[in-house]
Amino acid sequence: MREKTALVTGANKGIGLEIARQLGGKGFRLWLGCRDPGRGERAAIELRKAGVDARALLLDVTSDASVAKAASTFGEASNHLDVLVNNAGIDIGGFALPREQRVDDIRAIYEVNTFGPIRVTQAFLPFLEKAGSARIVMMSSSLGSITSALDPTSETYGVNRLGYNSSKSALNMITVLFAKTLAAHGIKVNAANPGYTGTDLNEHHGPRTVEEGAAIAVRLATIGPACPTAGFFRRPLQQPSPPRVVTAPGDRRLLVRFPGMRYRGGTFVRDGRFHGSRSLWHR
Ligand SMILES: NC(=O)c1ccc[n+]([C@@H]2O[C@H](COP(=O)([O-])OP(=O)(O)OC[C@H]3O[C@@H](n4cnc5c(N)ncnc54)[C@H](OP(=O)(O)O)[C@@H]3O)[C@@H](O)[C@H]2O)c1
């Protein structure tokens with residue numbers, strides 16, 4: 001039987017490393033797309049120690065040349081790719097308001113979060129098509145939801161990060177357009193929202209663990225032929241129901257309660273600016 005192969009971008013740490021670990025546990029041969037060879041090799045060694053068939057693949061998602069070289073290196077070892085997880089992502093610019101965020105910063109975010117997944121998907125399509133029923137997962141975010149951005153009861157209402165949020169909104173459309181046009185090849189393309197997960201991306205403020213954050217991407221990477229394509233999926237079904245906003249009328253602070261978690265703090269919004277949310281939720 002031919003081996004199952006998976007490529008995860010940004011796989012040297014955070015949710016990406018955990019996605020690779022969980023896919024490895026399901027019998028996939030893992031290619032860890034990493035922009036730094038040292039960090040990539042260290043991650044591959046860590047996963048191999050855990051019994052995963054893992055190898056580092058030098059891949060900077062912002063570079064056409066790097067992505068083309070990575071596809072060529074992959075092609076020397078394998079002619080098919082069963083799973084691609086476009087996970088690499090960044091956010092820069094701190095808590096700048098939309099009127100303040102530098103266009104150069106926004107452009108840099110788009111290079112990784114938006115153009116990166118397009119670049120990598122296009123380069124690896126020949127291998128994905130050969131797999132017969134490949135799965136592509138785009139790591140999106142609730143911050144990309146235009147519905148949530150307009151909903152004052154949403155936990156993300158006060159998070160107005162121009163570059164990051166819009167990069168993920170665009171990624172959602174990219175997901176849909178790839179899904180529609182690749183369906184004839186048996187390929188399913190879905191967007192995963194890991195939830196607010198403690199990683200370097202948010203200085204480990206997110207209350208969810210990487211194991212929880214990775215679960216939805218792993219599920220979408222391994223769905224069967226009857227499952228949907230072109231969707232946006234949050235957390236697995238057993239996760240708690242949506243948070244409840246408990247802000248008093250006239251209070252400018254936005255306080256959010258998560259069902260099943262003990263409340264110790266909140267997310268603060270003043271003058272439309274997000275003032276941070278710390279890891280204040282405990283199960
Ligand atoms: N954490 C959350 O709460 C959360 C919520 C919603 C969505 N997400 C999304 O989930 C994904 C993973 O985030 P995370 O929280 O695990 O972040 P993380 O711990 O900061 O990891 C990000 C990964 O992306 C890699 N990366 C950055 N720029 C790259 C480039 N140009 N080429 C290749 N790899 C690059 C990083 O590599 P280096 O180590 O070399 O920098 C790192 O491996 C992102 O797409 C993020 O937007 C996260």
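At roughly what angle do the axes of helix α3 and α4 cross? In this predicted model, the answer is roughly 20°, with the two axes coming within 10 Å. Angles under 35 degrees count as roughly parallel, and α3 and α4 are therefore roughly parallel to each other. Their crossing is right-handed. Helix α3 covers residues 64-77, and its side of the contact consists of Asp64, Val67, Ala68, Ala71, Phe74 and Gly75. Across from these sit Arg119, Val120, Ala123, Phe124 and Phe127 of α4. Sorted by class, the contact of α3 with α4 comes out at 8 nonpolar, 1 polar and 2 charged residues.

Helix α4 also packs against α6. Here α4 runs over residues 103-131 and α6 over residues 162-182, and the pair meets at an angle of about 15° with axes 8 Å apart. That angle makes α4 roughly parallel to α6. As for handedness, the crossing of α4 and α6 is right-handed. On the α4 side, the residues involved are Asp105, Ile106, Ile109, Tyr110, Asn113, Thr114, Pro117, Ile118 and Thr121. Helix α6 answers with Leu162, Gly163, Tyr164, Ser167, Lys168, Ala170, Leu171, Ile174 and Phe178. The tally for the contact of α4 with α6 is 11 nonpolar, 5 polar and 2 charged.

One of the α6 residues in that contact, Tyr164, deserves a look of its own. Tyrosine 164 sits in helix α6 and counts as buried because it has 25 C-beta neighbours inside 10 Å, where 20 or more is the cut-off. Leaving aside residues up to four places away in sequence, tyrosine 164 touches Asp91, Ile109 and Leu143. Aspartate 91 is 73 residues away from tyrosine 164 along the chain, yet their C-alpha atoms are separated by 5.8 Å.

Zooming out, the chain has 283 residues, of which 44% count as buried. Its secondary structure adds up to 7 helices and 13 strands. Long-range contacts feature heavily in the count: among contacts between residues at least 6 apart in sequence, 61% join residues at least 24 apart.

Next comes the ligand. There are 29 residues around it, and Gly10, Gly14, Ala88, Gly89 and Thr199 come nearest. Split by class, this shell holds 10 nonpolar, 13 polar and 6 charged residues. Helix α1, spanning residues 14-25, gives the most to the shell, with 3 residues.

Two backbone oddities round things off. Glutamate 203 is not a glycine, but its phi is positive, at about 50°. This glutamate 203 belongs to the loop between β6 (188-192) and α7 (210-221). Glutamate 203 counts as exposed because just 11 C-beta neighbours fall inside 10 Å, and 12 or fewer is what the label asks for. Alanine 230, likewise not a glycine, has a positive phi of about 65°. The loop between α7 and β7 (232-233) is where alanine 230 is found. With 17 other C-beta atoms within 10 Å, alanine 230 is partly exposed.

Technical notes
Residues are numbered from 1 along each chain as its sequence is written. This is a predicted model: local features need pLDDT of at least 70, side-chain atom pairs count only at pLDDT 80 or more; totals for chains, interfaces and linings use all residues. Axes are lines fitted to C-alpha atoms, for helices over the stretch in contact, and angles run from 0 to 180 degrees between N-to-C directions. Helices (H or I, at least four residues) and strands (E, at least two) are DSSP runs, numbered from the N terminus. Angles under 35 degrees count as roughly parallel, over 145 as roughly antiparallel, 65 to 115 as roughly perpendicular and the rest as oblique. A crossing is left-handed if the near helix is turned anticlockwise from the far one by less than a right angle, and right-handed if clockwise. Two residues are in contact if their C-beta atoms, placed from the backbone, lie within 7 Å. Ala, Val, Leu, Ile, Met, Phe, Trp, Tyr, Cys and Pro count as nonpolar, Asp, Glu, Lys and Arg as charged, and the others, Gly among them, as polar. A residue is near a molecule or strand if its C-beta atom, placed from the backbone, lies within 6 Å of it.
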